Every structure is written in structure tokens, then in C-alpha cells.
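User: I'm new to reading protein models and would like a close look at one part of this one. Could you pick a strand, walk me through what surrounds it, and then show me how the rest fits around that?

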Amino acid sequence: MTISVRSFDRYSNNGATDFIDTDADTPTGMTVGDLAIAFVFRNYGTSGSDGIHDDNGSTPFTRDREDVDPTSGTYMSIWTRRIQVGDPNVWRWVYNPRGSDSWMSILLVALQNPDPTTIYDVAPGSGTNTITASDSGSASGVSITTTVAGSIHFLTSVRENSGYTGIPAGYTELNPSGSTFYTRSCYKVIADPGSTGAQTFTGASSVSSVIQSFAIKNSSITVDPNAYTVTRKVVYATQ
């Protein structure tokens, strides 16, 4: 069984002066056993009391990583949850914005056939992010080295005032620039374990940016197509 992106959807909200809450509907077809990844972005502020908060009650996502651009306060966080029986169809995150020009954006991705015990082949972290005060119109994600054949390399970005206009060649778009404010994300299945290389987002202006690079582990479960079971039924005659 091979992991793959089943579906995804994008949500955004802006203009609030109190708390911003953004509801994310379940992506099409997402079902029990899928791995859900939420990329949650917002502008202004720092991590902490005014950062992004999960508001999913007894069915929370786990925040695996957060990155803040110290120049603009633009913020990115990565959350995961394995979908279970009884999970809701709508998911929510909130944050306390700076003012009416604040925004919040969510990209929710469903992956089918994830590894049942380990989420990441290469986890997002301080060694896999790129934070640039002025990116000269383009910036590259950190090259990572996958260890499992078929793992999925994700690149996700957020910029201060304008999204990137281009993604790396060979990658699949998840949220085009402008669809969710100044964010852009993409992915690629890495067939053979090894280095992804430093893949580059391109843009038209020079602003501050954050890019996170990581890989979701392919399933370790294999099914032998030649395996079979023979069942013999014995019928006894009665006299």
C-alpha cells in the first residue's frame, strides 16, 4: 500500500479586530485511517498568546511545528491528526489578530494509506526551515534526505505581502498564490530515497518569507499479490 494525497481544500478569513476563527471542512473523501495535515498561516504578531490555537475540543490536531518570520511576524504552523471514528466534518483554528488588516489561512490535506505508526520520514524543524528577511523575489526550501521509497516531500511557504508566483518544477500545486492570501504549498512523491535538493519558489517582489521542507513517510505495509488462502469444506454424509 502506497501513501498518496487523497484530496485537499483551502480556507481563509480576514478583517477581524477581535478573534479570527476559521472553519475547515473535511476534504473530499477523507475517511477513517487517513492522515490529515493542516497548514495554518497568519500575519502579524509572534508565537505564544496571540498565536494560532487548535479549537477542536476532544478531537484535536497535534501541532508539530511553528515558524515565525521575525521581520514581519508572518506565521506558519503544521498540524497533524489521524482520522478516527466519530471525528467531526468541520475543523477549527483561532487566533487573536492585530487589527482589521489581519488574516488567517488554512490548507487541509488528506493522505490515504499513511504509515500506521510513523508520520514523518523527515520531520519539520529548525533545521528544515528557511526564514529570509528579504528574499530578492525567490527563495529555496532546505534540501532534505528521505530514507523510505515513495515518501512525499512537502514544501510550504508564506510571505509578508505577496505570494510566490512559481513552484519548483515537478511538484504539484496545493494552494496557488492568491487563493489563500500570501501562502503557497506543493508536494512531490520521492520515488527513490535520497536528497530532494534545494527546491525554489519564485516571486515578483522582494519581501520577507518563511519556507518549511519536510517529508511524510510512505506506508511500511506491503501486500503480497501472490499470497492466497485455501479453505477446504468437508461434508459428512449421514445415514
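**A close look at strand β8**

Analyst: Let's start with one residue: tryptophan 103 has a relative accessibility of 4%, so it counts as buried. Keep in mind that this is a predicted model.

Tryptophan 103 lies in strand β8, and β8 covers residues 103-112. How many residues of β8 are buried? The count is 9 of its 10, so the strand is mostly covered.

Now look at who sits beside β8. Strand β1, residues 4-14, pairs with β8 in the antiparallel sense, over 10 bridges. To find one of those bridges in the viewer, pick tyrosine 11 and look for its partner in β8, isoleucine 106. Strand β3 also runs antiparallel to β8, and 8 bridges join the two. Here you can pick alanine 36, whose bridge partner in β8 is alanine 110.

What about the side chains? As background, side chains in a regular strand alternate between the two faces of the sheet. It is also a general tendency in soluble globular proteins that nonpolar side chains are buried together.

With that in mind, turn to the largest nonpolar core, which has 22 residues. Which members touch the most others? They are Ile37, Phe39, Leu111, Phe154 and Ile216. Several strands feed this core: β3 (35-42), β6 (75-82), β8 (103-112), β12 (151-159) and β16 (209-216) each give at least two residues to it. Another core lies apart from that one, with 20 residues that include Ile20, Ala36, Trp79 and Ile106. You've met two of those names already, since Ala36 has its bridge partner in β8 and Ile106 is the β8 partner of tyrosine 11.

Isoleucine 37 is a handy place to stop and look around. Skipping residues up to four places away in sequence, Ile37 touches Ile78, Trp79, Thr80, Leu107, Leu108, Val109, Leu111, Phe154 and Ile216.

Next, the rings. The whole structure holds 10 aromatic pairs. One of them brings us back to our first residue: tryptophan 103 and tyrosine 182 are edge-to-face, with 5.8 Å between centres and 80 degrees between planes. Tyrosine 182 is in the loop between β13 (172-173) and β14 (183-190), while tryptophan 103 is in β8, so this pair ties together parts 79 residues apart in sequence. Is tyrosine 182 buried or partly exposed? Its relative accessible area is 27%, so tyrosine 182 is partly exposed, whereas tryptophan 103 is buried.

For another kind of ring pair, try tyrosine 164 and phenylalanine 201. Their centres are 5.3 Å apart and their planes make an angle of 20 degrees, so these two rings are stacked. Tyrosine 164 belongs to the loop between β12 and β13, and phenylalanine 201 to strand β15 (residues 200-202), so the pair links parts 37 residues apart in sequence. Tyrosine 164 is buried at 0% relative accessible area, and phenylalanine 201 is buried at 0% too. Tyrosine 164 has a charged companion as well: arginine 159 lies over the face of its ring, at 4.2 Å from the centre. Elsewhere, the charged end of arginine 42 sits over the ring of tyrosine 75, at 4.3 Å from the centre.

Ring pairs also link up into a cluster made of Phe39, Tyr120, Phe154, Tyr187 and Phe214. Phe39 and Phe154 should ring a bell, as both are among the core residues that touch the most other members.

Follow the chain past the end of β8 and you come to asparagine 113, in the loop between β8 and β9. Its phi is near 60 degrees, a positive value in a residue other than glycine. Asparagine 113 has a relative accessible area of 28%, so it is partly exposed.

After β9 (120-122), alanine 123 lies in the loop leading to β10 (129-132). Alanine 123 is partly exposed at 42%. Its contacts beyond four places in sequence are with Thr128 and Phe214. Alanine 123 and alanine 215 are 92 residues apart in sequence, but their C-alpha atoms are 6.5 Å apart in space.

Finally, step back to the whole chain. It has 16 strands and 0 helices, and buried residues make up 48% of its 239 residues. Among contacts with a separation of 6 or more, 80% are between residues 24 or more positions apart.

Conventions. Residues numbered from 1 in each chain as written. Predicted model: local features only at pLDDT ≥ 70, side-chain atom pairs only at ≥ 80, totals over all residues. Heavy atoms only, no water. Helix = DSSP H or I, 4+ residues; strand = E, 2+ residues; numbered from the N terminus. Buried < 20%, exposed > 50% of the residue type's maximum accessible area, 1.4 Å probe, protein only. Contact = heavy atoms within 4.5 Å. Core = buried A, V, L, I, M, F, W, Y, C linked by side-chain atoms within 4.5 Å. Phe/Tyr/Trp six-rings, centres within 6.5 Å; stacked < 30°, edge-to-face > 60°. Lys NZ or Arg CZ within 6 Å of the ring centre and 35° of its normal. Pairing = 2+ DSSP bridges.
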